[in-house]
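Please look through the sequence and the structure shown here before reading on. The paragraphs that follow begin with a single pair of facing residues and then widen the view step by step.

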Amino acid sequence: MNDLSGTTPRKGSEAFSHLGRSVEAIRAELGIEPVPVEAIRDPAVYELEREKIFRRTWLKVATDWEIPEKGDYKVKELQVADTSVLIVRGKDGVVRAFHNVCTHRGNKVVPNSDFETFGKARANVVSCRFHGWVFSTDGPLRSVPMEEAFGKLDKACLGLREIACETWEGFIFINLADPPEQSLADFLGDFGKLFAGYPYAEATSAFRYSTVLECNWKVALYAFSEGYHVPTIHAGSLPGFSGVEHSDFKLIGPHASSTIYGLGMEAASSTAVFASRLVANDHHGPRPDLLPPGINPTGRQDFQFELPNIFPNFLIHLAAGCGYPGIAFFTHQFWPLDHGRTLWEGINYFRPARNAAERVAQMHTNALHRNAWLEDTATMEDTYQGIRAGVIDEMQLMDQEFLIRHAARNFDAHLAG
Ligand code: FES
Ligand SMILES: [Fe+2]
């Protein structure tokens with residue numbers, strides 16, 4: 001565990017000090033041309049994305065703290081890859097991922113009626129409810145009812161089909177390629193190193209919001225990837241914000257990030273000020289020293305969060321308590337269900353509240369995010385309908401929308417590659 005009570009500056013800032021770029025540098029690298037919307041509109045592009053992105057790249061599907069004990073499992077439906085994934089901590093403590101598919105006749109080993117399900121394997125086995133085949137939590141087929149009636153059954157070859165599974169900072173990723181083209185560490189590269197070391201695993205108190213949106217998944221991803229919309233769409237939930245500032249743009253392989261400052265925060269609502277004061281002086285208060293090296297280097301008080309965007313569908317917001325009383329970080333993830341349907345998940349992660357004041361501050365953040373995310377998600381189906389109307393062929397992107405430009409370029413590159 002990291003000691004959150006100290007104020008020792010994070011080490012290693014010099015190693016990453018070159019990564020933050022100016023607007024001019026970003027314009028020079030990514031250009032300023034409009035970006036075509038055909039990749040959002042065309043169902044054929046979605047089929048390519050399934051094949052060349054979602055079945056080949058590392059995807060965050062769970063966290064260590066969701067399945068902390070031996071036998072704990074999570075089932076995650078991955079419609080985008082036509083499979084259901086069982087992520088389970090074996091009796092050796094190792095987290096593995098398997099296709100949740102019984103090798104007898106293909107039934108789901110662990111039934112799952114929703115997008116994700118949690119459970120615990122008793123005696124470190126999971127048993128298919130159809131005919132009772134039993135699998136160890138590390139994969140092998142352990143027993144088959146009436147085995148002699150099969151004549152010949154090569155049980156050694158009939159274990160659960162394993163999926164590549166690796167962990168970064170407590171986030172569990174899978175890769176459906178067999179074998180993956182690169183390790184998770186190589187995939188994340190310097191991006192993973194830059195954002196390592198943050199006390200993610202201590203924020204075990206999670207609050208999840210989700211909904212299914214009738215829009216292409218990139219419409220949802222893009223809407224959460226820029227701050228240009230804050231003064232307009234969030235005028236209700238964030239009164240007083242005159243806008244946001246994106247600074248210190250970082251492009252690292254297919255991943256990108258920038259620092260978000262809130263402008264006009266002094267006009268925050270009295271409830272927000274009250275919530276901030278509740279936690280201002282304890283370990284949930286602003287802790288810029290917890291941030292990765294080089295983030296908010298001058299200690300600006302209007303720092304909101306750092307916005308790491310992990311290719312292809314995972315956003316982390318590192319708030320470090322600054323401007324978000326009680327919060328450690330929050331995430332967004334965008335799961336395609338179909339070309340025009342998307343499961344969006346927003347999760348607030350807090351360190352467990354130690355007293356009523358911290359609890360109140362956390363509930364304030366949850367309510368604030370709920371309201372803001374309702375405003376965000378309310379745009380997405382309209383945007384998608386507008387794009388499908390065929391009236392515009394391009395998106396006009398300003399500097400604060402650079403994450404969209406960067407993501408679109410990377411999607412194109414993956415589909416072409
Ligand atoms: S399909 Fe699983 S035991 Fe028959
Ligand atoms: Fe927003």
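In this model, which is predicted, Cys-165 stands opposite Ile-174 of strand E11. The two strands concerned are E10, which covers residues 162-168, and E11, which covers residues 171-175; they run antiparallel and are joined by 5 bridges.

From E10 we can step across to another strand, E5, since E5 and E10 also run antiparallel, with 2 bridges between them. Here Ala-97 has Ile-163 in E10 as its bridge partner. Strand E5 itself, made up of residues 95-99, is mostly covered, with 4 of its 5 residues buried.

Ala-97 also leads us on to strand E4, where Ile-87 has this residue of E5 as its bridge partner. Strand E4 spans residues 83-89 and runs antiparallel to E5, and 5 bridges join the two. E4 and E5 form a hairpin with 5 residues between the strands, and in this hairpin Gly-93 takes a positive phi near 85 degrees.

These pairings can now be placed in a wider arrangement. In general, the strands of a sheet pair through backbone hydrogen bonds, and the pairing may be either parallel or antiparallel. Here 7 strands form an open sheet with antiparallel pairing, and their order across the sheet is E2-E11-E10-E5-E4-E3-E6. Why are strand E2 and strand E6 left without a neighbour on one side? Strand E2 (59-63) and strand E6 (116-120) stand at the edges, and because each has a single partner strand, one side of each has no neighbour in the sheet. If direction is ignored, neighbouring strands of this sheet are turned by 30 degrees against each other on average.

A helix gives another view of how residues are buried or exposed. In helix H5, which runs over residues 184-194, the buried residues are Leu-184, Phe-187, Leu-188, Phe-191, Gly-192 and Leu-194. These residues lie on the same side of H5, because they cover an arc of only 105 degrees around the axis. As a general background to this, an α-helix has 3.6 residues a turn, so residues three or four places apart point the same way. The face of H5 that is turned away from the buried side carries the exposed residues Ala-185 and Asp-186.

Finally, we can step back to the whole protein, whose secondary structure comes to 10 helices and 20 strands. Of its 417 residues, 41% are buried. Among the contacts between residues at least 6 apart in sequence, 67% join residues at least 24 apart.

Conventions:
Residues numbered from 1 in each chain as written. Chains lettered and ligands numbered in written order. Predicted model: local features only at pLDDT ≥ 70, side-chain atom pairs only at ≥ 80, totals over all residues. Buried ≥ 20, exposed ≤ 12 C-beta atoms within 10 Å, placed from the backbone. Arc of directions from axis to C-beta. Pairing = 2+ DSSP bridges. Axes fitted to C-alpha atoms, helices over the stretch in contact; angles between N-to-C directions. Contact = placed C-beta atoms within 7 Å.
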